[in-house]
Amino acid sequence: MNKRIIATALAGLVAFAMVGCSNSGGAGGTTSTSNPPASGTSTTASSSSKGIPNCGTIGVAMPNKTSSRWVADGNAVKSQLEALGCTVDLQYAADDIPTQTQQLDQMITNGVKLLIIASIDGTALTAQLQAAADKGIKVIAYDRLINGTPNVDFYVTFDNYKVGVAQAKSLLYGLKLTDKDGNPAADAPKGPIDIELFAGAADDNNSGFFFNGAMDTLKPYLDNGTLVVKSGQTKFEQVATERWLLINAQTRMDNLLSSTYGGNGAGLKGVLAPYDGLSRGIINALTNVGMGPTIPEGLPIVTGQDAEIESVALINKDIQFSTIFKDTRKLAAQAVTVAQAYLTGGTPTPNDTKTYNNGKKVVPSFLLDVDTVNKDTIKPLLIDSGYWTQAQVDAGQA
């Protein structure tokens, strides 16, 4: 069958996955979020009399609404704070740094009691956080560390180094170098096996943790020649993806295919991708040159992160290989637990006081564990837990 025809047919499976993702470094979507407010607008809920007395208004700043995970995070944090009797000013910044700084300025001016911030650029909020500190407003960094300021009181996130380890282990499993438990496979291919590497945005502190965890895990296989990065692009700055954008990943994969793989992907067996949006951009590039599950060459093993519904559907169709599941319900609950401690005059308890140095201080942190999702574990990890429904997985949308 002509490869162009194959690519056209496969495009029907992946076209929907091009929409609705731009930024990550955090967790995946949770439940359906139909008809959300437009990007850059606020959602404010009324306070109730239960939970925290005189809770007041809590400012919650999220990067964008084009990634389903941030919509889910925002809604989860908002609903849990409202259950404690707080008013919530939830803002989405459309991935625009000036918009997010203006939103935070307004929250501070309006007298919020506490800020929960998932930053777009972890180095761009120094003035806002100083203004918050001057007013005694506690700041919780949500999933992305805010750098270059002493005015970050706490950080809630997943164990980002372990996310990278899990992604690399999934790649090794997909390439049949290990079994599902990470043990060397008895009949493992000898190599060399060609792979390529992608990393997240250079201005996102999490990206380095993801990349380092993955590279430390892949290092023995790279050192002994079992795995080969054929392009030679192995340094973080060479493989970082600006703003975590799908189109940037797709463009780089297009260029790699042209420059290194004869324009048709021949020989490429695996791609380390740190986020589902990037994974889908990479897959778009691969299918555009005729690679796909219906031809002998097949698709390379492509990893991901966030269990976004579009990518879970692709995993279910044997197009994307895996994703890392970071349950945002747990992350939101931890952020609210920390907020509750501050709002009631207490001190939250970290489980990490060494790892996350933002250039001005080591920020006390609470790290959550993650799970790897492949086709065999969609049901137990995502559907049985109520994270996604079978109908959503089948449709590829919330």
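**Figure 1. Packing of helices α9 and α10 in the predicted model.** Helix α9 (residues 276-288) and helix α10 (residues 309-316) cross at roughly 50°, and their axes come within 9 Å. This angle makes α9 oblique to α10. On the α9 side the contact is made by D276, R280 and I283, and on the α10 side by E310, S311 and L314. The crossing in which α9 passes α10 is left-handed. The structure shown here and in the other views is a predicted model.

**Figure 2. The chain as a whole.** The chain has 398 residues, of which 55% are buried. Its secondary structure consists of 13 helices and 13 strands. Among the contacts with a separation of 6 or more, 76% are between residues 24 or more positions apart. The remaining views show parts of this chain.

**Figure 3. The open sheet β8-β7-β9-β10.** The sheet is open and contains 4 strands, in the order β8-β7-β9-β10, with parallel pairing. Its edge strands are β8 and β10 (301-302), each of which pairs on one side only. Strands of a sheet pair through backbone hydrogen bonds, either parallel or antiparallel. Strand β7 is joined to strand β8 (residues 227-229) by 3 bridges, and the two run parallel. The pairing of β7 with strand β9 (residues 268-272) is also in the parallel sense and has 4 bridges. From β9 to β10 there are 2 bridges, again in the parallel sense.

**Figure 4. Bridge partners within the sheet.** D194 of β7 has bridge partners in both neighbouring strands: V228 in β8 and L268 in β9. L197 of β7 has L272 of β9 as its bridge partner. Between β9 and β10, the residue opposite I301 of β10 is G270.

**Figure 5. Burial of strands β7 and β9.** Strand β7 covers residues 193-197, and 5 of its 5 residues are buried, so the strand is largely enclosed by the rest of the structure. In a regular strand the side chains alternate between the two faces of the sheet. In β7, I193, I195 and L197 point one way. D194 and E196 point the other way, and these residues too are buried. The acidic residues D194 and E196 are thus listed among the buried residues of β7 together with I193, I195 and L197. Strand β9 is mostly covered, with 4 of its 5 residues buried.

**Figure 6. The β7-α6-β8 unit and the packing of α6 on α5.** Strand β7, helix α6 (residues 205-223) and strand β8 make up a β-α-β unit that is right-handed. Helix α6 also packs with helix α5 (residues 160-174), at an angle of about 40° and with the axes 7 Å apart. The two helices α5 and α6 are therefore oblique to each other. Their crossing is right-handed. Helix α5 contributes N160, Y161, V163, G164, V165, Q167, A168, K169, L171 and L172 to the contact. The residues of α6 in the contact are N206, F209, F210, N212, G213, A214, D216, T217, L218 and Y221.

**Figure 7. The cis peptide bond before P192.** Most residues other than glycine have a negative phi, and most peptide bonds are trans. The peptide bond from G191 to P192 is cis, and its omega is near 0°. P192 belongs to the loop between α5 and β7.

**Figure 8. Positive phi at D95.** D95 is a residue other than glycine with a positive phi, near 60°. The loop that holds D95 runs between β3 (87-92) and α3 (97-109). The relative accessible area of D95 is 16%; since buried means under 20%, D95 is buried.

**Figure 9. Positive phi at D143.** D143 is not a glycine, yet its phi is positive, at about 70°. This residue is placed in the loop between β5 (138-142) and β6 (154-158). D143 has 0% relative accessibility and so counts as buried.

Terms used
Residues numbered from 1 in each chain as written. Predicted model: local features only at pLDDT ≥ 70, side-chain atom pairs only at ≥ 80, totals over all residues. Heavy atoms only, no water. Buried < 20%, exposed > 50% of the residue type's maximum accessible area, 1.4 Å probe, protein only. Pairing = 2+ DSSP bridges. Right-handed = clockwise from strand over helix to strand, strands pointing away. Axes fitted to C-alpha atoms, helices over the stretch in contact; angles between N-to-C directions. Parallel < 35°, antiparallel > 145°, perpendicular 65-115°, else oblique. Left-handed = near helix turned anticlockwise from the far one by under 90°. Contact = heavy atoms within 4.5 Å.
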